[in-house]
Amino acid sequence: MGNYVLVHGAMHGGWCWRSVRELLSRAGHQVFTPSLTGQGEHRHLLGPDVGVATHVQDVASLLHYEDLREVHLVLHSYAGVLAGPVAERAADRLASVTFLGAFVVRPGECLLDVEPPETAHRYRALASADGDGWYLPADASFLAQWGITDEGLAAWVAPRLTDFPLRCQTDTVDFDPGPLAGLSTSYVRHTRPPLPSLDLSSGRAYDSGWDVHSLPTGHDMMLEDPQATARLLTRITGRRGSDTSRQPR
């Protein structure tokens with residue numbers, strides 16, 4: 001059975017993986033769902049010094065201290081930014097990387113570089129107006145952007161969202177792309193609704209020849225349909241090392 005490390009996106013925490021974690025664990029997998037510094041139950045650690053390097057250290061430290069090997073690293077949304085640096089530091093511990101509706105950056109880029117310009121401008125303006133210039137305030141209005149329309153789910157998710165450091169969106173990421181390129185890599189698109197901000201990233205996945213899949217959910221796949229998300233993850237990681245297709249599934 002596999003070792004999974006599931007890393008959440010902006011404003012979330014390890015809590016968002018609860019149902020997927022239970023499903024994978026029930027199937028016999030070892031599953032870790034760390035909350036990044038300043039997020040989830042670690043929200044008390046939020047500060048203007050928290051950036052991409054902090055979160056890379058969070059993931060790399062988990063791999064080291066738990067002495068994990070043959071890990072299937074699953075990165076949601078913002079966490080895709082961590083892929084290259086984590087692979088550079090710990091490729092020997094990784095079996096595969098899955099970008100789950102995640103952003104794909106190249107060396108020298110930051111998250112806002114791969115967002116549409118109007119989105120990057122809006123986030124900077126929000127941080128300036130309502131986030132003391134250094135954080136993006138968590139707000140239930142983001143749920144509609146992410147496609148969460150179920151009232152019960154929205155009521156559960158909204159109070160758990162956490163303010164997110166602007167620095168995590170503006171820190172450029174410098175890494176050797178070789179280690180990540182050497183790993184089995186997949187991308188999962190979401191289609192109901194899609195998120196236009198991810199068009200560039202999914203396009204890069206196609207261009208790189210990654211195994212591309214899709215789920216008929218909104219951005220928070222693991223919350224909206226944990227069963228389908230868990231099934232797809234086990235199917236993706238079970239195909240590691242086999243021939244892959246560039247067509248969406």
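Okay, let's start with the empty space: about 200 Å³ of it lies in the largest cavity. Before I go on, a reminder that this is a predicted model. Twenty residues line that cavity, and the closest to its centre are Ala10, Ser77, Glu115, Tyr123 and Trp146. If you sort the lining by character, you get 11 nonpolar residues, eight polar and one charged. And how many cavities of 30 Å³ or more are there? The count comes to one.

The general idea, for anyone who doesn't do this daily, is that a probe the size of a water molecule gets rolled over the atoms, and that shows where empty space is left.

Now the pockets. The largest pocket has a volume of about 280 Å³. It has 18 lining residues, and Pro177, Leu180, Ala181, Ser208 and Trp210 are the closest to its centre. Which elements give two or more residues to this lining? Those are H3 and helix H8, residues 177-181. H8 supplies the largest share, three residues. As for the chemistry, the pocket lining splits into 12 nonpolar, four polar and two charged residues.

Right, on to the sheet. There are six strands in an open sheet, and if you walk across it you go E2-E1-E3-E4-E7-E8, with parallel pairing. Strand E2, at 30-32, and strand E8, at 211-215, each have a single partner strand, so they stand at the edges with one side left without a neighbour in the sheet. From one strand to the next, the twist averages 20 degrees. As background, strands of a sheet pair through backbone hydrogen bonds, either parallel or antiparallel.

Let me zoom in on one of those pairs. Strand E7 covers residues 184-190, and its parallel pairing with E8 runs over five bridges. If you want a spot to click on, take Ser186: its bridge partner in E8 is Asp211.

What packs on the sheet? H3 does, touching E3 and E4, and its direction makes about 175 degrees with that of E4. H2 lies across strand E1 (3-7), E2, strand E3 (71-76) and strand E4 (94-100), and runs at about 160 degrees to E1.

Those two helices also meet each other. The axes of H2, residues 52-65, and H3, residues 83-90, come within 10 Å and cross at roughly 35 degrees. Is that crossing left-handed or right-handed? Right-handed. On the H2 side, the contact is made by Val56, Gln57, Val59, Ala60 and Leu63, and H3 answers with Pro85, Val86, Arg89 and Ala90. Taken by type, the residues of this contact are seven nonpolar, one polar and one charged.

Last bit: backbone oddities. Most residues other than glycine have a negative phi, and most peptide bonds are trans. With that in mind, have a look at Met11. Its phi is near 70 degrees, a positive value in a residue other than glycine. You'll find Met11 in the loop between E1 and helix H1, which spans 18-26.

And where is there a cis peptide bond? One joins Arg192 and Pro193, with omega at about -5 degrees. Pro193 is in the loop between E7 and helix H9, the one at 199-207.

That's my tour, so over to you.

Methods:
Residues are numbered from 1 along each chain as its sequence is written. This is a predicted model: local features need pLDDT of at least 70, side-chain atom pairs count only at pLDDT 80 or more; totals for chains, interfaces and linings use all residues. Side-chain values use heavy atoms; hydrogens and water are left out. Axes are lines fitted to C-alpha atoms, for helices over the stretch in contact, and angles run from 0 to 180 degrees between N-to-C directions. Helices (H or I, at least four residues) and strands (E, at least two) are DSSP runs, numbered from the N terminus. A crossing is left-handed if the near helix is turned anticlockwise from the far one by less than a right angle, and right-handed if clockwise. Contact means heavy atoms within 4.5 Å. Ala, Val, Leu, Ile, Met, Phe, Trp, Tyr, Cys and Pro count as nonpolar, Asp, Glu, Lys and Arg as charged, and the others, Gly among them, as polar. Two strands pair if DSSP finds at least two bridges between them. On a 1 Å grid over the protein atoms alone, a cavity is a set of points where a 1.4 Å probe fits but cannot get out, and a pocket is an open set with protein on both sides within 12 Å along at least five of seven lines; lining residues have an atom within 4 Å of a point. Grid points are joined across faces, edges and corners, and a volume is the space filled by probe spheres set on the points.
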